[in-house]
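The following exercises concern a structure made of chains. Please attempt each task before reading its solution.

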Protein chains: 2
Amino acid sequence: MVNYSPHQLDLVFGALAHPIRRAILTRLATGEATIAELAKPFKISAPAISKHMRLLEDAGLLSRKIQGREHHCRLEQQRMKEAAAWMEAQRKFWNERFDALELYLKENP
Amino acid sequence: MVNYSPHQLDLVFGALAHPIRRAILTRLATGEATIAELAKPFKISAPAISKHMRLLEDAGLLSRKIQGREHHCRLEQQRMKEAAAWMEAQRKFWNERFDALELYLKENP
């Protein structure tokens with residue numbers, strides 16, 4: 001199985017474990033956005049949205065560029081790809097085991 | 001995009017956000033195991049391992065069968081598949097946007 005940095009995966013999966021953070025990522029998949037634009041659909045306070053943004057940044061899922069008073073956010077795909085690869089490796093591993101069991105049952109009816 | 005139960009995804013991603021819980025799932029991919037077997041590689045207390053097991057169960061990633069004093073645990077793939085599908089949908093969504101941008105740049109050089 002492929003090995004990934006455990007700490008990095010903790011942060012990515014932790015960041016994905018909240019509907020607002022997942023919605024922010026889905027929004028950013030359509031293109032860059034300012035924090036104000038990202039916060040708009042949610043009825044939560046500025047400190048609450050900042051906390052979500054920080055968790056996404058710490059996980060490496062989001063980067064921001066500061067232009068004057070505006071923070072432009074963009075999606076960083078690499079970390080998400082690593083987490084998806086971990087899940088895919090699990091699935092493959094499980095399927096191989098299932099295939100081996102099936103073969104065994106065929107050969108030992 | 002496909003819609004999944006937000007609460008369920010919160011629990012699954014939250015459960016995946018710890019190296020011990022991911023290691024338990026990887027171990028279970030090779031077949032059923034008792035709690036004692038699952039706890040063996042980790043130098044943590046019985047209450048700590050119980051907490052990890054409970055989080056995996058709550059997320060629907062693990063089920064247990066009680067036989068006498070032994071708890072036999074097995075991996076439940078469905079929830080993991082749903083979380084993987086969410087990630088795949090994100091990737092597809094992002095790639096489509098990237099393809100559209102590429103096409104635009106080709107047509108508007």
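**Exercise 1. Salt bridges between the chains**

Task: Find the partner of R22(A) in a salt bridge, and state which elements the pair joins.

Solution. Step 1: R22(A) forms a salt bridge with D10(B), and the closest N and O atoms are 2.8 Å apart. The term denotes a side-chain nitrogen of Lys or Arg within 4 Å of a carboxyl oxygen of Asp or Glu. Step 2: R22(A) belongs to helix α2 of chain A and D10(B) to helix α1 (residues 6-16) of chain B, so the pair joins two chains. Helices here are DSSP runs of H or I with at least four residues, strands are runs of E with at least two, and both are numbered from the N terminus. Step 3: The side chains of D10(A) and R22(B) also meet in a salt bridge, at 2.8 Å from N to O. Step 4: Between chain A and chain B the count is 2 salt bridges, while the whole structure, over all chains, holds 12.

The model is predicted: local features need pLDDT of at least 70, side-chain atom pairs count only at pLDDT 80 or more, and totals for chains, interfaces and linings use all residues. Residues are numbered from 1 along each chain as its sequence is written, chains are lettered from A and ligands numbered from 1 in the order in which they are written, and side-chain values use heavy atoms, with hydrogens and water left out.

**Exercise 2. The interface**

Task: Describe the contact between chain A and chain B by its residues and its buried area.

Solution. Step 1: Chain A contributes 28 residues to the contact and chain B contributes 28 residues, where contact means heavy atoms within 4.5 Å. Step 2: The area buried between chain A and chain B is about 2,600 Å², and carbon and sulfur atoms give 70% of this area. Buried area is the accessible area (1.4 Å probe) that two parts lose on being put together, summed over both. Step 3: In chain A, the residues that lose the most area to chain B are R22(A), M87(A) and W94(A), together 24% of what that side buries.

**Exercise 3. The relation of the copies**

Task: Determine which rotation superposes chain A on chain B.

Solution. Step 1: Two copies of a chain are related by a rotation about an axis and a shift along it. Step 2: Chain A is superposed on chain B by a rotation of 180 degrees with 0.0 Å of shift along its axis (RMSD 0.0 Å). This is the relation of a two-fold axis. The fit is by least squares on the C-alpha atoms of residues with pLDDT of at least 70 in both copies. Step 3: Of the interface residues of chain A, 100% are also interface residues in chain B, so the copies meet through the same surface.

**Exercise 4. The sheet of chain A**

Task: Give the strand order of the open sheet in chain A, and describe how β2(A) and β3(A) are connected.

Solution. Step 1: The open sheet has 3 strands in the order β1-β3-β2 (chain A), with antiparallel pairing. β1 (33-34) and β2 of chain A stand at the edges, each with a single partner strand, so one side of each lacks a neighbour in the sheet. Step 2: Strand β2 (residues 62-67) and strand β3 (residues 70-75) of chain A pair over 6 bridges; two strands pair if DSSP finds at least two bridges between them. Step 3: Among the bridge partners in β3(A), H72(A) belongs to K65(A) and C73(A) to R64(A). Step 4: β2(A) and β3(A) form a hairpin with 2 residues between them, and G68(A) in the turn has a positive phi of about 60 degrees.
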